[in-house]
Each structure stands twice: as structure tokens, then as C-alpha cells.
Amino acid sequence: MVRQKYLTPSAMIAFIAFMNMYPPFATDMYLPALPEMVKYFGASEFLVGLTLTIFFFTFAVSIVLFGPLSDKFGRKPILIFGTSIFSVASIICVSSPDIYTLIFGRFLQAVGSGAVITVSTALIRDSFRGRVMTKILAITQALGVIGPMAAPLFGGFLLRFTDWHGAFYTLTLIGLINLSIACLLTETLPKEKRYHGKVLSSLKLLTHLARQKTFMITLVMFALLSTPFMSYLSASSFIYVEQFSLTAQEYSYFFAANAAASVLGPVLYLKFKKNFSNNRLIQLCYVVAGISGLLVLIPGQLSAWAFLFSFLPFTVIGAVARPFGMDVLLNRAKENVGTAASMINFVPNLFGSLGMALGTLPWGNFVNGVGVIILASTILSLIMFKFVGKI
């Protein structure tokens with residue numbers, strides 16, 4: 001492992017955690033301003049909503065592409081490139097004269113975010129090992145969930161003093177801070193450990209990884225456990241505001257409370273890791289997820305509070321599964337870690353986009369939809385676990 005010249009281990013942890021907050025801040029911070037943006041641009045809700053959709057889809061695809069490239073060229077060049085693109089894209093978004101320019105800016109933001117997230121995951125495997133890596137994963141995941149919790153609240157706070165531009169000015173500042181720190185990073189992938197084939201051939205590393213059946217089945221198994229949470233995110237406003245008649249402000253409090261509970265996940269994971277085998281821990285995840293799904297379907301229908309407390313067990317156990325899955329998968333990646341990191345991030349995002357689409361289907365009752373998705377995802381993940389046998 002390469003010793004960092006300017007960044008201490010604590011600084012590296014903070015840096016990696018900061019990069020993991022890119023996607024939630026880039027997607028969630030301007031949510032409260034969407035109605036205002038419809039009026040500002042004179043655009044339809046669909047076109048304004050497309051600024052979210054194009055980001056999420058492009059982000060997932062770029063993750064896959066930048067993994068092999070980081071194995072070819074090293075982590076630092078890809079990180080600097082990605083952060084630079086993100087910063088320039090944020091300036092484009094701020095100065096957008098029309099909705100189409102904003103959509104283009106969001107596309108570039110997603111490209112940059114994909115590079116940053118891929119490198120941040122690879123840095124964990126490059127820089128830490130064993131129990132230390134397990135702790136780093138738990139810490140970064142715990143800090144990373146602050147983003148989804150804080151971003152909409154911070155975005156709403158900004159709207160008291162500025163308009164939608166404030167969110168993108170903030171994202172520009174985040175990009176510039178990240179770029180400054182990236183310049184201090186000592187390259188973690190020595191030249192002798194890099195992929196030495198042609199650039200296009202480096203992308204073939206993805207197909208090589210995809211042929212590793214046990215790795216891919218394990219990845220899908222954990223990705224399925226992330227699907228219901230994304231369904232909740234897409235349906236939560238309909239559930240709390242329309243079904244339970246809360247105000248937008250009250251909804252933000254319930255949203256924040258659920259996100260705050262996810263901080264417990266990585267903490268519990270560290271404790272469970274000491275006392276449970278991997279197989280027992282994944283079985284515990286299935287039991288808690290199944291119970292939460294049943295609670296959502298039955299008492300979760302009664303009120304906003306009942307739904308919150310019914311879904312909370314899944315939120316917590318899902319937050320346990322995230323660092324758990326990343327730990328298991330990174331330890332299985334013996335070479336071409338950047339490629340593995342890209343796949344580890346891509347598949348959950350792919351399933352997450354599916355979950356968002358499923359969450360907003362015309363269920364008639366969105367609470368029922370979330371409950372069904374939890375149970376279906378848990379059962380499918382359990383089937384994958386039976387194929388793996390042991391993790």
C-alpha cells in the first residue's frame with residue numbers, strides 16, 4: 001500500500017466519505033426548488049424532472065466506464081478529471097439560460113460523479129486492509145447517509161435566502177474543494193499494478209468480471225436489498241403528503257427521521273461482524289427485512305407514524321447490508337480493483353433505478369407497493385443466497 005505524503009489516514013477517511021456524499025447532494029439538494037424551476041424556465045414538470053432522471057442514469061453508466069479506466073491510468077488522474085468535469089458542469093447549471101442547457105449540465109455532472117464515486121471505492125481497497133478496511137467501510141457508509149438526510153433540508157434552507165441557483169453554487173463549491181484535495185492525493189495504484197493493455201481492451205475487464213458467477217450473484221444478492229429503499233424514496237412524498245395528508249414541511253421531518261435512523265446501520269454492522277459469521281449476518285438481514293415488509297403491509301397503513309416505524313427496521317438493516325456487501329465484494333476482488341469497484345457501484349444503482357420506477361407505479365395505495373417490493377426483493381435476494389451457498 002502506498003503511503004500518503006500529504007493526507008493522514010484520518011484525512012483519507014474524511015476525503016473518501018466526502019466523495020460518497022456527491023450523489024445525494026447532487027440529486028437531493030435542489031428537490032425543494034423543483035416547483036420554482038418549472039416557473040423559472042417555463043418548462044413542463046417532465047422536463048424539469050428529466051434533470052434528475054438523466055443524472056441518475058448517466059451516473060450509473062459512467063461508474064462502469066471509469067472503473068477499468070482507473071485500472072489503466074491510475075486513480076488520481078481519473079479523480080481529477082471527474083472532479084473537474086463536475087465543477088465545470090455545476091457552473092453550466094448555474095448559468096443555464098434554458099432547461100435544455102440545465103439538462104446538459106446535469107449530464108456532465110453525472111459523468112463527473114461517476115468517476116469520483118468509482119475512485120473513492122477503489123481507494124478504500126487500495127489504502128486499507130482487513131479489520132481496518134471493515135471499519136473504514138462502516139465509517140464512510142455512516143457519514144455517507146448524512147447526505148440523503150441533510151441535502152433536502154439544506155436545499156430548503158437555501159431557498160429562504162436565494163433561489164434554485166443557490167443549490168448549484170453550493171455544488172460548484174463542493175467540486176472545487178474536492179479538486180483541491182484530489183491534487184494532494186498520492187497515487188495509490190503503482191504503475192506495475194496497472195492494466196497495461198490498450199484503452200478499449202481495458203473495458204473488456206468488465207466482461208471478464210461479469211463471467212465470475214459467484215461474484216456477480218453475490219453482487220445481485222446485495223443489490224436486491226437496496227431496491228426497496230429507492231422505491232421508498234420515489235414514493236415517500238406521495239405516501240406522506242397525499243395518503244397521510246402531511247404538509248411538505250412535515251414530510252421533510254419524517255424523511256429526515258428515516259434517513260437519520262440509517263446511521264445506526266454501519267454501527268450495528270461493526271458489532272454484528274464481531275459476533276456473527278457472514279452467513280448468519282445475511283440471514284439476520286433477511287429476517288428483519290421480511291418482518292419490516294409485513295409491518296408496512298399491515299399496521300403501516302394506519303398513519304404516517306405507523307408507516308415510519310414499520311419501514312424503519314428495513315432502513316436500518318439495509319444500512320447494515322450496504323457496508324457488509326461492499327466488504328464481502330471488495331475482499332473478493334484480488335486484481336483490477338477499479339473495475340470491481342465500478343461494478344459494485346453500478347449494479348446497486350441499476351437496481352435502484354428499477355426500484356424508483358417500481359415505487360411510483362399506479363399501485364392505488366403506495367404503502368402497499370412499498371411493502372410488496374420489500375418482500376419480493378427479500379425473497380429474490382434469498383434465492384440468490386441459496387445459489388451462492390456461502391459468503
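K274 belongs to helix α15 in this predicted model,. With a relative accessible area of 60%, K274 is exposed, because exposure begins over 50%. K274 also takes part in a positive surface patch, together with R131, K135 and K271. Two helices, α7 (130–144) and α15 (264–275), each contribute at least two residues to the positive patch.

The surface also carries a patch of another chemical character. The residues I379, L380, I383 and F387 make up a nonpolar patch, and their accessible area together is about 420 Å². One of these residues, I379, is part of helix α19, which covers residues 366–388.

Some individual positions on the outside also deserve attention. Most residues other than glycine have a negative phi. S245 is not a glycine, yet its phi is positive, at about 60°. This serine sits in the loop that joins α13 (227–243) to α14 (248–261). S245 has a relative accessible area of 59% and is therefore exposed. K39, a residue of helix α3 (residues 34–41), is likewise exposed, with a relative accessible area of 73%. Along the chain, K39 is 185 residues from L224, and the C-alpha atoms of these two residues are separated by 38 Å. L65, in helix α4 (residues 45–73), has a relative accessibility of 41% and so counts as partly exposed. Between L65 and A256 there are 33 Å in space, C-alpha to C-alpha, and the two are 191 residues apart in sequence.

The aromatic side chains come next. A pair of aromatic rings is described by the distance of the centres and the angle of the planes. Across the whole structure, a search finds 22 aromatic pairs. In one of them, the ring centres of F41 and W164 are 5.2 Å apart and the planes stand at 50°, so this pair is tilted. Because F41 lies in helix α3 and W164 in the loop between α8 (146–158) and α9 (165–182), the pair ties together parts of the chain that are 123 residues apart in sequence. F41 has a relative accessibility of 15% and therefore counts as buried. W164 is buried too, since its relative accessible area is 0%.

The rings of Y232 and F311 provide a second example: their centres are 4.5 Å apart and their planes are at 15°, so the pair is stacked. Here again distant parts of the chain are linked, with Y232 in helix α13 and F311 in helix α17 (residues 304–332), 79 residues apart. At 1% relative accessibility, Y232 counts as buried, and F311 is buried with a relative accessible area of 1%. Both residues belong to one aromatic cluster, whose other members are F229, Y240, F254, W305, F307, F309 and F314.

Charged side chains give a further set of contacts. Side chains of opposite charge can pair when their charged atoms come close. A search of the whole structure finds three salt bridges. R75 and D71 meet through their side chains in one of these, with an N to O distance of 3.0 Å. A relative accessible area of 1% makes R75 a buried residue, and D71 counts as buried at 2% relative accessibility. R75 also forms a salt bridge with D126, where the closest N and O atoms are 2.7 Å apart. D126 lies in helix α6 (residues 99–127) and R75 in helix α5 (residues 75–94), so this pair ties together parts that are 51 residues apart in sequence. With a relative accessible area of 9%, D126 is buried as well. D71, R75 and D126 are thus linked in a network of salt bridges.

Another salt bridge joins R194 to E187, with 4.0 Å between the closest N and O atoms. Both R194 and E187 are buried.

Definitions and conventions: Residues are numbered from 1 along each chain as its sequence is written. This is a predicted model: local features need pLDDT of at least 70, side-chain atom pairs count only at pLDDT 80 or more; totals for chains, interfaces and linings use all residues. Side-chain values use heavy atoms; hydrogens and water are left out. Patches are made of residues with over 30% relative accessible area and no salt bridge: like charges are joined within 9 Å, nonpolar side chains (Val, Leu, Ile, Met, Phe, Trp, Tyr) within 5 Å. Accessible areas come from the Shrake-Rupley method with a 1.4 Å probe; for residues, only the protein chains shown count as cover. Helices (H or I, at least four residues) and strands (E, at least two) are DSSP runs, numbered from the N terminus. Lys and Arg count as positive and Asp and Glu as negative; His and the chain ends are not counted. The place of a charge is taken as NZ of Lys, CZ of Arg, CG of Asp or CD of Glu. Buried means under 20% relative accessible area, exposed over 50%, partly exposed in between (1.4 Å probe, protein chains only). Rings of Phe, Tyr and Trp (its six-membered ring) pair if their centres lie within 6.5 Å; planes under 30 degrees apart count as stacked, over 60 as edge-to-face and the rest as tilted.
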